[in-house]
Amino acid sequence: ENGRATGVRLKNGKLVKANKAVVSNATPFDTIKMLGTEQELPAEVQEWKDQLGKLPRHGAIMHLFIAIDAKDLDLSHIEDPAHLVIQDWGRSMQDSQNLC
């Protein structure tokens, strides 16, 4: 409605209206297929859709957001310490070869 998602139309045709937000648990590639045609999308959404096609596809992925106490970890070798990959949970996180 007026360029905004206000609900979801199910395959059976039923419309489920959102109270606060419409959220997709699908991949960005699957979500974009459900947003409508170019004529129906606001310019910002169409720009995101166009940019999305340039991203590499890696098959199945999963994101897991967790927090750890990194107070005593030396993260000086990590370019972006907000995004860590722990190679082996059985090894120490103090081992710089275990974090990237």
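**Close-up views of a predicted model**

**View 1. The largest pocket has a volume of about 770 Å³.** Welcome to this chain, shown here as a predicted model. Which residues lie nearest the centre of the largest pocket? Look for Ala5, Gly7, Val22, Met34 and Leu35, which belong to a lining of 22 residues. By kind, the residues of that lining divide into ten nonpolar, seven polar and five charged.

**View 2. Strands β1 and β2 both take part in the lining of the largest pocket.** Each of these two strands supplies at least two residues. Which element gives the most to this lining? That is β1, with three residues.

**View 3. The whole chain holds two helices and two strands.** Stepping back for a moment helps to place the other views. Starting at the N terminus, you will meet the elements in the order β-β-α-α. The chain has 100 residues, and buried ones make up 12% of them.

**View 4. Val8, Leu10, Val16 and Val22 make a nonpolar patch on the surface.** This patch covers about 270 Å². One of its members, Val22, is also among the residues that lie nearest the centre of the largest pocket. Where does leucine 10 lie? You can find leucine 10 in the loop between β1, residues 7–9, and β2, residues 15–17. Leucine 10 has a relative accessible area of 37%, so it counts as partly exposed.

**View 5. Aspartate 50 sits in helix α2.** This helix spans residues 43–52. Why is aspartate 50 described as partly exposed? Its relative accessible area is 45%, and the partly exposed class lies between the buried limit of 20% and the exposed limit of 50%. Now look across to isoleucine 32, which is 18 residues away along the chain from aspartate 50. The C-alpha atoms of these two residues are separated by 9.8 Å.

**View 6. Leucine 73 is a buried residue in the segment after α2.** Is leucine 73 buried or exposed? Leucine 73 is buried because its relative accessible area is 15%, and buried means under 20%. Glutamine 94 is the partner to look for in this view. Along the chain, leucine 73 and glutamine 94 are 21 residues apart, while their C-alpha atoms are separated by 6.1 Å.

How values were computed. Residues numbered from 1 in each chain as written. Predicted model: local features only at pLDDT ≥ 70, side-chain atom pairs only at ≥ 80, totals over all residues. Heavy atoms only, no water. Patch = residues over 30% accessible without salt bridge, like charges linked within 9 Å, V, L, I, M, F, W, Y side chains within 5 Å. Areas by Shrake-Rupley, 256 points an atom, 1.4 Å probe, with all protein chains shown as cover. Salt bridge = Lys/Arg side-chain N within 4 Å of Asp/Glu carboxyl O. Helix = DSSP H or I, 4+ residues; strand = E, 2+ residues; numbered from the N terminus. Buried < 20%, exposed > 50% of the residue type's maximum accessible area, 1.4 Å probe, protein only. 1 Å grid on protein atoms, 1.4 Å probe; cavity = no way out; pocket = protein on both sides within 12 Å on 5 of 7 lines; lining within 4 Å. Points joined across faces, edges and corners; volume = space filled by probe spheres on them. Nonpolar A, V, L, I, M, F, W, Y, C, P; charged D, E, K, R; others polar.
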